[in-house]
Amino acid sequence: MTQSLTLRRPDDWHLHLRDGAMLKGVLPETARHFGRAIIMPNLVPPVVTGDQAAAYRDRILAALPEGASFEPLMVLYLTEGTDPADVRAAHASGLVKAVKLYPAGATTNSHGGVRNFENVRAVLDTMAEIGLPLCVHGEVTTHEVDIFDREAVFIDTVLDPLRRATPGLRVVMEHITTEEGVAYARTGGPDLGATITTHHLIINRNHILAGGIKPHYYCLPVAKREKHRLALRKAATSGEGCYFLGTDSAPHVDALKEHACGCAGCFTATNTMSCLAHVFEEEGALDRLEAFTSLNGPAFYRLPVNEGTIRLVKHEAPHAFPEKIYTEAGPVTVFNPGFPLHWTVEA
Ligand code: NCD
Ligand code: ZN
C-alpha cells in the first residue's frame, strides 16, 4: 500500500538565496515546496537597511518562476551602525520579520557583524519593545575556542548574558548543533526558539572527516559528534513548539566548495522534505513532521500558518534526485543524505 501524508505547506525559517544568477537558479528549488522563507541577509554587501531589504525582496519576487506562490520574509543584517529608527520603520511597514546577528567573523560574509554589543544596545532595546525577533548565529569567534565548542561557549558567555540584559527580546537560536543548544532553547519560554537544519539531523562530524574529506558536508556551525545529532533528532521530532525547521540551505558553486579553503554551506533545498520525511519516519514521528515544518515556526513568528497543503508519498523504489543543479553561476551539489530517499512531494 502506498503511504502518504498531507501537511500544511511548510516554511523555511532560515534560507540563503544569494543574488543574481545564483538566486535565479536556487529559488525554484525552495519555492516548489515552501510557502515562505526567512531570507538571510549575508549578501555582499549585506542587507542592512530597510531600503536594501525592500530592493532585495523585489529581486527575489522578480526571480520567481511563473505561477509560483512564495513569500520571502526579509531580515536585516545587524551592524554596529544599524539605526534603530530604520529597524522600527521596516518592521512597522510589514517588510521585515527579523534582524540577524552575526558575531563578526563567525561565518560566510559576517565581517560586517557585531564586535561590541554595547554598540547595538539601542537597536536591541527597540526590538524588544516592538517584538521583532533577533536571529542569532550562535558561535563565538575567539580563535582559542575549539570550533566544536564554539556554540556551547557562545550560549554561556554571549547569548545568556545578552538575553538577561535585554528583557523581552525575542530570540531565535539559528541552526543549533549541540545538546547544549537543544537544552537552552527549551528553557526560554515563548520568546526563545531554535531552528534545526535538515543536514544536522543526518550527518555528524565523521561524515565530513572520516574516510576522506567531504567538502559538501562542511557547513557552519560544523556538524558535531553523534550524541549531538541524536539530541537534535529528539528535539526536532518532539513536536515541542520551540523547535522548527530552518534548512540553512546555503548554495556555493562547486568550484568554491571543492577548494583548498572551501566555503561553508550545505545545499538542501532540493530534497529537504524527502530527507525530513525519512528522518521522522525512522524516529516513528511522522505525525509530528507538520509541527516541525509548518506549525511551530509561524506560531513563534506570530504569523498565520500557510493556507495550502503538500502531499508526501512514499514510493517502493527510491527517487533519484539530481546530483547537482546547474545555475548560471555554476553547478551546485545537492546534499546527499547517504541513504535512498523514498518519500517525494507530489507535484
Ligand atoms: C552560510 C552561508 O554560506 O552563507 N553557511 C553555512 O555554512 N551555513 C552562513 C551561515 O549560515 O552560517
Ligand atoms: Zn545560514
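Colleague: Let's start with the largest pocket: which helix gives the largest share of its lining?
Modeller: That's helix α2, residues 50-63, which supplies four of the lining residues. Keep in mind that this is a predicted model.

Colleague: Fine. How much space lies in that largest pocket?
Modeller: About 310 Å³. The lining is made up of 20 residues, and the ones nearest the centre are Arg18, Asp19, Asn42, Leu43 and Val44.

Colleague: How does the lining of the largest pocket split by class?
Modeller: There are 12 nonpolar residues, five polar ones and three charged ones.

Colleague: Back to Arg18. What is its phi?
Modeller: About 60 degrees, so a positive value, although Arg18 is not a glycine. Arg18 sits in the loop between β2 and α1.

Colleague: And is Arg18 buried or exposed?
Modeller: Arg18 counts as buried, because its relative accessibility is 14% and the cut-off for buried is under 20%.

Colleague: Which other residue has a positive phi without being a glycine?
Modeller: Asn109, with phi near 50 degrees. You'll find Asn109 in the loop between β5 (96-101) and α4 (121-130). At 24% relative accessibility, Asn109 is partly exposed.

Colleague: You mentioned Val44 by the pocket. What kind of peptide bond joins Val44 and Pro45?
Modeller: A cis one, with omega at about -5 degrees. Pro45 lies in the loop between β3 (36-39) and α2. There's also a cis peptide bond between Leu220 and Pro221, where omega is about -5 degrees. Pro221 belongs to the loop between α7 and α8 (226-236).

Colleague: OK, what about the second largest pocket, what's its volume?
Modeller: About 240 Å³. It has 16 lining residues, with Ile208, Leu209, Ile213, Pro215 and Tyr218 closest to the centre. Helix α7 (residues 205-209) gives the most to this lining, namely three residues. By class, the second largest pocket has 11 nonpolar, two polar and three charged residues in its lining.

Colleague: Now the metal. Which residues coordinate the zinc ion (ligand 2)?
Modeller: His14 and His16, each through NE2, plus Asp248 through OD, at 2.0 Å. Written as a spacing along the sequence, the donor residues read H-x1-H-x231-D. His16 and Asp248 tie together distant parts of the chain, being 232 residues apart. His16 is in the loop between β2 (11-15) and α1 (20-31), while Asp248 is in the loop between β9 (243-245) and α9 (254-257).

Colleague: Why is the arrangement around that zinc ion irregular?
Modeller: Because the four donor atoms subtend angles of 92 to 137 degrees, and tetrahedral would need all angles between 85 and 135 degrees. In general, ideal tetrahedral angles are 109.5 degrees.

Colleague: Are His16 and Asp248 buried or exposed?
Modeller: His16 is buried at 8% relative accessibility. Asp248 is buried too, at 5%.

Colleague: Different topic: how many cavities of 30 Å³ or more are there?
Modeller: Four. The largest holds about 110 Å³ of space. Its lining has 16 residues, and nearest the centre are His16, Thr107, Thr108, Leu220 and Asp248. Recall that His16 and Asp248 coordinate the zinc ion (ligand 2).

Colleague: And which helix gives the largest share of the lining of the second largest cavity?
Modeller: Helix α5 (residues 150-165), with four residues. That cavity has a volume of about 60 Å³. Among its lining residues are Val136, Phe154, Met173 and His175. By class, the lining has six nonpolar, two polar and two charged residues.

Colleague: How many disulfides does the structure hold?
Modeller: Zero.

Colleague: Why is there no bond between Cys219 and Cys266?
Modeller: Their sulfurs are 4.3 Å apart, which is too far for a bond; the cut-off is within 2.5 Å. Cys219 is buried at 1% relative accessibility. Cys263 isn't in a disulfide either, and the nearest cysteine sulfur, in Cys261, is 7.5 Å away. Cys263 is partly exposed, with a relative accessible area of 21%.

Colleague: Last one: how far apart are Thr327 and Met22 in space?
Modeller: The distance is 6.1 Å, C-alpha to C-alpha, though they are 305 residues apart in sequence. Thr327 is in strand β11 (residues 324-327), and it is buried at 9% relative accessible area.

Technical notes: Residues are numbered from 1 along each chain as its sequence is written. Chains are lettered from A and ligands numbered from 1 in the order in which they are written. This is a predicted model: local features need pLDDT of at least 70, side-chain atom pairs count only at pLDDT 80 or more; totals for chains, interfaces and linings use all residues. Side-chain values use heavy atoms; hydrogens and water are left out. Donors are N, O and S atoms within 2.8 Å of the metal (3.2 Å for Na, K and Ca); water is not among the atoms, so sites may look incomplete. Four donors count as tetrahedral if all angles lie between 85 and 135 degrees; four count as square planar and six as octahedral if opposite donors are over 155 degrees apart and all others between 65 and 115; anything else is irregular. Helices (H or I, at least four residues) and strands (E, at least two) are DSSP runs, numbered from the N terminus. Buried means under 20% relative accessible area, exposed over 50%, partly exposed in between (1.4 Å probe, protein chains only). On a 1 Å grid over the protein atoms alone, a cavity is a set of points where a 1.4 Å probe fits but cannot get out, and a pocket is an open set with protein on both sides within 12 Å along at least five of seven lines; lining residues have an atom within 4 Å of a point. Grid points are joined across faces, edges and corners, and a volume is the space filled by probe spheres set on the points. Ala, Val, Leu, Ile, Met, Phe, Trp, Tyr, Cys and Pro count as nonpolar, Asp, Glu, Lys and Arg as charged, and the others, Gly among them, as polar.
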